[in-house]
Amino acid sequence: MVKTTPSPGAIFYVLACADGSLYAGWSRDVCARLEAHRSGTGSRYVRSRLPAMLVAWRECESARAARRLEAAFKALRRVEKLRALSRGQVFGLPVRNAPLLGA
């Protein structure tokens, strides 16, 4: 019998960049990832568009679920992304528009 343990959770998040663009990502330690973005050591995309502000996030059951949500969000047109964020839902899943504790 193979014993499996559930994957640790992850967080899907959306940043609003200084140029008005949106950046979606995921992380197991989102506070550390946000600090990396803010210090310019995160993604190249965000580094060239600082400052960036956390606008939405969602806890996911696994890294796989967070990556899927990220990919699906990135596939949306900008107007669809903005509409989803203003409703507080991405693909029918609620996202939090309040800041993360410590972020």
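In this predicted model, Phe73 touches Phe12, Val14, Ala24, Lys81, Leu85, Val90 and Phe91, leaving out residues up to four places away in sequence. Several of these names come back in the largest nonpolar core, which has 15 residues; Phe12, Val14, Phe73, Leu85 and Val90 are the ones with the most contacts inside it. At least two residues of this core come from each of S1, S2, S3, H3 and helix H4 (78–87). H3 gives the most, with 4 residues. There is also another core, lying apart from this one, and it holds 11 residues, including Tyr23, Val46, Ala52 and Trp57.

Now for the overall layout. The chain has 4 helices and 5 strands, and reading from the N terminus, the elements go β-β-α-α-β-α-α-β-β. Of the 103 residues in the chain, 39% are buried. Plenty of the contacts reach a long way along the sequence: take those between residues at least 6 apart, and 59% of them join residues at least 24 apart.

H3 is worth a slower look. This helix has 13 residues and reaches 18 Å from its first C-alpha to its last, close to the 18 Å expected at 1.5 Å a residue. Its buried residues are Ala63, Ala66, Leu69, Glu70 and Phe73. Around the axis they cover an arc of only 125°, so they sit on the same side of H3. The spacing makes sense once the helical repeat is kept in mind: an α-helix has 3.6 residues a turn, so residues three or four places apart point the same way. Over on the other side of H3, Arg64, Arg68 and Ala75 are exposed.

H1 tells a similar kind of story. Val30, Leu34, Ala36 and His37 are buried in this helix. Looking down the axis, the buried residues of H1 fall within an arc of 155°, so they line one face of the helix. What do the buried residues of H1 pack against? Their partners are S1, S2, H2 and S3. Just past the end of H1 comes Gly40, which takes a positive phi of about 90°. A little further on is Ser43, in the loop between helix H1 (30–39) and H2. Ser43 sits in a loop, but with a relative accessibility of 12% it still counts as buried, since the cut-off is under 20%. Setting aside neighbours within four places in sequence, Ser43 is in contact with Tyr23, Arg33 and His37. Of these contacts, His37 is one of the buried residues of H1, while Tyr23 belongs to the 11-residue core.

Next come the charged pairs. How many salt bridges does the model have? The count is 3. One of them joins the side chains of Asp19 and Arg49, with N and O 3.0 Å apart. Asp19 is in the loop between strand S1 (10–17) and strand S2 (22–27), and Arg49 is in the loop between helix H2 (44–47) and strand S3 (52–60), so this pair ties together parts that are 30 residues apart in sequence. Both ends are partly exposed: Asp19 has a relative accessibility of 48%, and Arg49 has a relative accessible area of 23%.

Another salt bridge links Glu70 and Lys74, with the closest N and O atoms 2.7 Å apart. These two residues are 4 apart in helix H3 (residues 63–75), so about one helical turn separates them. Buried or exposed: which word fits Glu70? Glu70 is buried, with a relative accessible area of 13%, whereas Lys74 counts as partly exposed at 42%. Arg77 and Glu80 make up the remaining pair, and here the closest N and O atoms are 3.7 Å apart. In that pair, Arg77 is exposed, with a relative accessible area of 54%, and Glu80 is partly exposed, with 28%.

Finally, how confident is the prediction? The chain averages a pLDDT of 84, and 83% of the residues score at least 70. Among the elements, S2 has the highest mean pLDDT, at 95, and strand S5 (residues 93–94) has the lowest, at 69. Residues 1–6 deserve some caution, as pLDDT stays under 50 there and the model gives this stretch 0 contacts beyond four places in sequence.

Conventions
Residues numbered from 1 in each chain as written. Predicted model: local features only at pLDDT ≥ 70, side-chain atom pairs only at ≥ 80, totals over all residues. Heavy atoms only, no water. Salt bridge = Lys/Arg side-chain N within 4 Å of Asp/Glu carboxyl O. Buried < 20%, exposed > 50% of the residue type's maximum accessible area, 1.4 Å probe, protein only. Core = buried A, V, L, I, M, F, W, Y, C linked by side-chain atoms within 4.5 Å. Contact = heavy atoms within 4.5 Å. pLDDT = per-residue confidence, 0-100. Expected span 1.5 Å × (residues − 1). Arc of directions from axis to C-beta.
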